[in-house]
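Thanks for coming. I will go through one structure this morning, starting with a term we need and then moving from the whole chain to single residues.

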Amino acid sequence: MGYQTLKCDLHIHTVFSDGHVWPDVRIWEAFREGLDAVAITDHLEYQPHKKYVDTVSNNAYELMKSTAEELNILLIKGVEVTRKMPPGHLNALFIENADLADDPDYEKTLQGLADQGAFIFWNHPGWIAQAKDGIRWYDEHTRLVEKNLIHGIEVGNYGEWYPEALGWCMEKNLTLSCNSDIHEPSDIYREYAGVKHRLVTLVFARERTLESIREALLDHRTAGWFEDTLMGQEKWLNELFLQSVTLSKPFNEMDRERFYYLSNSSDVSYTLHIENEADKSLAPERIFMPANSTILLSVKGQKGSVVPVSYIVENCFIRGRENLKITWNL
């Protein structure tokens, strides 16, 4: 659709808050894992290393800049606003000065960050430490959205994702993100979180620039990538799927059977099941397409006849637990 898909992690920590690594290590990790952009989001409220590190909140960003430039990683300056629920924890991106995020009144803090041009999203709404009674939307969040002080929600965090939050994004026209919230070194994070790769926000940007990422976030052009699960607006997931999966022309047609090649060029393995009971006599009831592979698809029917067959993509979610649907002419 004329956009570049940028792989971004918009929630990371260093020793300048409660992370366990020096700031430029985060850039090397991002480079090795193929990311395009990261956002530094240390918080002022909790700094356990302050005895050993001069934790002025802008320092981590300054220490990351040169390495980011050398390795061609886009570095977003941000800060985490850490408060009790409600409203919980929020990240502000594209800020100018993180030191201004220290007003005890969280609303004044968010307004000050918004005045800097920040894009603000609610972190890990289902995190059990702040959602002991289950994930819920508070009146405070409604007020912050109405005041344009929340622009998005983190639908996936660390090693989990929240279908309810995906539903809120769609209902309230908010931007979804999916991020690691990484504190440990990257390899240890993946072990602790039980994931094969870090959680990633896919940003559909006009260009590979910070300005384009910010514009895309404000325009809700994102999707979340958690293991082999994708979540996002239907139009973006549909386009991602169609750009990833290609169906060949039929070949080796016989009187009552024909064959197709179904190729998946992405790093996501897709699982599909047929939508309509009547179509099970024509096409496979279930299809599994491993990442970066091609499979053979056998379809029954008279030679030369083609019918539309709809499949539900089990690991693509467009609203809560609602799945993406695609249709092929088979």
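Helices and strands here are runs assigned by DSSP, at least four residues for a helix and at least two for a strand, and they are numbered from the N terminus. With that in hand we can place a residue: His13 sits in the loop between β1, residues 4-12, and α1, residues 23-32. Please keep in mind that what you see is a predicted model.

I will come back to His13. The whole protein comes before that.

The protein has 8 helices and 18 strands. Its radius of gyration is 22 Å, close to the 20 Å that the globule rule gives for 330 residues, so the protein is as compact as a globular protein of that length. Along the principal axes, the C-alpha trace spans about 75 × 45 × 35 Å.

What share of the 330 residues counts as buried? The figure is 55%. As for the surface, the protein exposes about 14800 Å², and carbon and sulfur atoms supply 49% of that area.

Now contacts along the chain. If we take contacts with a separation of 6 or more, 67% of them are between residues 24 or more positions apart. On charge, there are 33 positive and 50 negative charges, and their mean positions are 4 Å apart.

Back to His13. Is this residue buried or exposed? Its relative accessible area is 1%, and the cut-off for buried is under 20%, so His13 is buried. The side chain of His13 makes two polar contacts that I want to show you. One is with the side chain of Ser17, at 3.2 Å. Another joins His13 to the side chain of Glu80, also listed at 3.2 Å. Leaving out residues up to four places away in sequence, His13 touches a list of residues that includes Arg26, Thr41, His43, Asp181 and His183.

Asp181 leads us to the next residue, Asn157. Asn157 lies in strand β6, which covers residues 152-157. The relative accessible area of Asn157 is 4%, so Asn157 is buried. A polar contact of 3.3 Å joins the side chains of Asn157 and Asp181, and the side chain of Asn157 makes another polar contact, of 2.8 Å, with the side chain of Glu154. Beyond four places away in sequence, Asn157 touches His11, His124, Tyr162, Asn179, Asp181 and Leu199.

Val155 is also in strand β6. At 0% relative accessibility, Val155 counts as buried. Among the residues that Val155 touches, again beyond four places away in sequence, are Trp161, Tyr162, Leu166, Cys169 and Met231. How far apart are the C-alpha atoms of Val155 and Glu140? They are separated by 18 Å, and the two residues are 15 apart along the chain.

That brings us to Glu140, which is in helix α4. Glu140 has a relative accessible area of 24%, so this residue is partly exposed. The C-alpha atoms of Glu140 and Glu107 are separated by 9.8 Å, with their positions 33 residues apart along the chain. Outside its sequence neighbours up to four places away, Glu140 touches Pro86 and Tyr106.

Last topic: backbone geometry. Most residues other than glycine have a negative phi, and most peptide bonds are trans. Here are some cases that go the other way.

Pro86 is found in the loop between β3, residues 74-82, and β4, residues 89-93. The peptide bond from Met85 to Pro86 is cis, with omega near -15°. The bond that follows, from Pro86 to Pro87, is cis as well, with omega near 10°. Pro87 lies in the loop between β3 and β4 too.

For phi, look at His124, in the loop between β5, residues 119-122, and α4, residues 139-146. Phi of His124 is near 25°, a positive value in a residue other than glycine. His124 counts as buried, at 4% relative accessibility. Asn148 is found in the loop between α4 and β6. Its phi is near 60°, again positive in a residue that is not glycine. Asn148 is partly exposed, at 49% relative accessibility.

To tie this together: His124 is one of the residues that Asn157 touches, and Pro86 is one that Glu140 touches. That is where I will stop.

Key
Residues are numbered from 1 along each chain as its sequence is written. This is a predicted model: local features need pLDDT of at least 70, side-chain atom pairs count only at pLDDT 80 or more; totals for chains, interfaces and linings use all residues. Side-chain values use heavy atoms; hydrogens and water are left out. The radius of gyration is taken over C-alpha atoms; the globule rule is 2.2 Å times the number of residues to the power 0.38. Buried means under 20% relative accessible area, exposed over 50%, partly exposed in between (1.4 Å probe, protein chains only). Contact means heavy atoms within 4.5 Å. Accessible areas come from the Shrake-Rupley method with a 1.4 Å probe; for residues, only the protein chains shown count as cover. Lys and Arg count as positive and Asp and Glu as negative; His and the chain ends are not counted. The place of a charge is taken as NZ of Lys, CZ of Arg, CG of Asp or CD of Glu. A polar contact is a pair of N or O atoms within 3.5 Å; within protein, one must be able to donate a hydrogen and the other to accept it, and residues adjacent in sequence count only if both atoms are side-chain atoms.
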